[in-house]
Amino acid sequence: MYSKVFSAGLSGLEAHVIQVEADVSNGLPVFQMVGVLASAVKEARERVRIALQNAGYRFPAKRITVNLSPADLRKDGSGFDLPIAISLLAAFGMIPVQKLHKTLIVGELGLDGNVDGVRGTLAMAVMGKKEGFEAMLLPRVNAGEAALVDGLRVVGVETVSQAIAYIRTGEVPCPDTAVSRYDLEQGDPYAGEPDFNEIYGQARAKQALETAVSGGHNVLMIGAPGTGKTMLARRIPGIMPRLSKEETLELTKIYSVAGMLRGDVPFMTRRPFRAPHHTVTPAALAGGGREPFPGEVTLAHHGVLFLDELPEFSRNTLEILRQPMEEGKIQIARLGKCFEYPAKMTVVAAMNPCKCGYFPDMARCRCTLGQVRNYLARLSEPLLDRIDICVETERQEGLFGGERGEDSARIRQRIVRTRQIQKERYRAEAIGLNSELDGHLLEKYCRLGAEAKNLMEELVRRTGLSVRGMQRMLRVARTLADMREQDGIGERELLEASAYKMVSHKYWGSGDLYEEKVRKMTDGEEETGRGVAE
């Protein structure tokens with residue numbers, strides 16, 4: 001006998017329909033599977049056989065062939081176990097499958113007949129709804145994320161016996177396997193988040209981070225060890241707006257494919273904060289593997305990618321950030337295929353100004369000028385050009401130096417208001433917050449008056465900014481004007497935006513700091529330290 005059911009496979013972040021065909025005929029007893037199968041799928045033969053035997057179903061002494069089509073598409077993962085078992089039982093004549101032509105089936109089988117969870121079920125459910133499927137039979141642990149797709153009947157099962165009972169009766173066998181629709185607005189996504197009012201002082205850095213989050217700008221914090229750079233960065237998710245429904249589904253899809261969803265909550269409730277160690281490999285940052293998994297830049301989508309000790313990252317790893325920082329996506333080529341992953345993240349980086357961390361504090365810095373230059377040279381100009389805001393963190397006097405300032409909730413309210421202004425402005429252009437503005441849109445939305453234009457030309461002349469740097473400075477000025485609810489960009493906003501750029505120019509530009517240190521050494525002001533001895 002012949003039978004056919006439908007399952008789903010993954011290719012990057014997208015799913016596609018897989019037909020699972022089974023044929024049972026007379027001949028030598030053999031069980032073979034075909035269809036360009038990965039090792040995990042080939043091993044399903046033994047898992048399915050033993051799981052069905054332990055569930056009370058015996059394999060007949062027949063020639064059994066299972067085909068997964070289309071044949072030119074590689075199948076990977078363990079989610080084909082359950083559809084293979086259902087297709088075989090139908091071919092044995094033990095269950096009817098006439099009503100399953102509109103049902104998508106996925107799930108991994110344990111040897112005891114339990115149905116275990118698989119990754120990527122939300123992507124499969126989205127694809128199933130798009131392709132006209134009416135129901136989805138899947139592991140109970142994955143049913144919650146599939147239930148996020150409206151208009152698709154989701155049936156979660158815990159054992160293969162429950163799946164067979166559903167096929168025979170059309171009813172969910174146990175009440176506790178019914179799936180309810182989740183409210184994406186439930187709960188407080190900010191509960192337990194560290195608050196900005198826990199940090200004393202650092203008013204300038206806090207203002208810079210508020211500006212960065214308001215406009216989706218990349219930011220670099222420079223300062224001596226222990227000045228609070230990491231503490232500031234870890235509080236950024238607490239001032240970011242709540243995820244929209246579209247952002248929640250998109251993030252849940254990414255984390256489902258990566259197999260990183262929490263078991264108790266079937267969807268993403270908070271904006272991600274990814275902080276890879278500086279030893280991270282280029283493949284782990286961009287995404288890699290035979291069938292590439294999402295990398296750190298994709299896992300930080302709609303959230304924060306925090307790079308602590310930025311110069312300690314390998315140069316090859318950092319250069320990968322160029323495309324996602326510019327385009328909000330990353331393209332990866334593997335096995336003759338090209339995968340495109342979203343990467344609209346806010347890059348927040350932190351670094352010391354030198355190897356010892358205290359340059360240009362002449363009393364404490366132990367580095368030579370050459371060591372400082374080599375340390376700063378680890379960051380390329382194209383990468384620095386893509387950083388919109390650069391700010392220095394202040395050294396505090398005493399344990400509780402300075403004022404605490406506002407809490408995260410109040411800062412978040414202003415950011416939400418600013419983003420709403422930007423959303424309304426760019427609605428007609430159908431572009432997002434992190435999107436680059438081309439020349440036409442810059443001229444339209446970042447128009448400068450005569451005086452402001454003259455100031456801009458003078459700033460570009462003095463700093464030697466590239467065209468990209470100039471455009472990014474204009475975007476920061478546009479954000480500052482939006483924060484003040486102004487229609488146009490004035491000289492004040494331009495000067496403030498240029499001040500953020502001048503911090504990086506201070507270290508990587510004309511070499512003013514180096515010249516200052518040389519002058520002090522020549523005048524005898526720096527009499528101690530290994531740098532002088534060398």
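# Salt bridges, helices and strands

Glutamate 43 has a relative accessible area of 48% and is therefore partly exposed, since the partly exposed class lies between under 20% and over 50%. Its salt-bridge partner is arginine 47, and arginine 47 is buried at 15% relative accessible area. The model described here is predicted. The points below cover its salt bridges, a helix contact, strand pairing and one helix with its buried residues.

**Salt bridges**

- Side chains of opposite charge can pair when their charged atoms come close.
- The structure contains 27 salt bridges.
- In the bridge between glutamate 43 and arginine 47, the closest N and O atoms are 3.9 Å apart. This distance counts because the cut-off for a salt bridge is within 4 Å.
- Glutamate 198 and arginine 235 also form a salt bridge through their side chains, with an N to O distance of 2.7 Å.
- That pair connects distant parts of the chain, 37 residues apart. Glutamate 198 sits in the loop between α6 (160-169) and α7, while arginine 235 sits in the loop between α8 (229-234) and α9 (245-257).
- Glutamate 198 is partly exposed, with 41% relative accessibility, whereas arginine 235 is buried, with 9%.
- A further salt bridge joins arginine 386 to glutamate 326, where the closest N and O atoms are 3.2 Å apart.
- The two residues of this bridge lie 60 residues apart and link distant parts of the chain. Arginine 386 belongs to the loop between α15 (381-385) and β18 (389-392), and glutamate 326 belongs to helix α13 (residues 322-327).
- Arginine 386 is buried, at a relative accessible area of 8%.
- Both residues are part of a network of salt bridges that also includes Asp385, Asp388, Arg468 and Arg472.

**Contact between α7 and α20**

- Helix α7 covers residues 203-215 and helix α20 covers residues 491-508. They pack with their axes 13 Å apart, at an angle of about 110°.
- Angles of 65 to 115 degrees count as roughly perpendicular, so α7 and α20 are roughly perpendicular to each other.
- On the α7 side, the contact is made by Arg204, Gln207, Ala208 and Thr211. These meet Glu496, Ala499 and Tyr500 in α20.
- The residues of this contact are three nonpolar, two polar and two charged.

**Paired strands**

- Strand β1 (residues 2-11) and strand β2 (residues 14-25) run antiparallel and are joined by 10 bridges.
- Within this pairing, alanine 8 stands opposite valine 17 in β2.
- The hairpin of β1 and β2 has two residues between the strands. In this hairpin, glycine 12 has a positive phi near 70°.
- β2 also pairs with strand β4 (residues 63-69), in the antiparallel sense and over seven bridges.
- Here valine 20 stands opposite leucine 68 in β4.

**Helix α6**

- The buried residues of α6 are Val160, Gln162, Ala163, Ile164, Tyr166 and Ile167.
- These buried residues pack against two helices and several strands. The helices are α2 (44-54) and α3 (81-91); the strands are β6 (108-109), β7 (115-116), β8 (135-139) and β9 (153-157).
- Glycine 170 follows α6 and has a positive phi, near 80°.

Terms used: Residues are numbered from 1 along each chain as its sequence is written. Side-chain values use heavy atoms; hydrogens and water are left out. Axes are lines fitted to C-alpha atoms, for helices over the stretch in contact, and angles run from 0 to 180 degrees between N-to-C directions. Helices (H or I, at least four residues) and strands (E, at least two) are DSSP runs, numbered from the N terminus. Angles under 35 degrees count as roughly parallel, over 145 as roughly antiparallel, 65 to 115 as roughly perpendicular and the rest as oblique. Contact means heavy atoms within 4.5 Å. Ala, Val, Leu, Ile, Met, Phe, Trp, Tyr, Cys and Pro count as nonpolar, Asp, Glu, Lys and Arg as charged, and the others, Gly among them, as polar. Buried means under 20% relative accessible area, exposed over 50%, partly exposed in between (1.4 Å probe, protein chains only). Two strands pair if DSSP finds at least two bridges between them.
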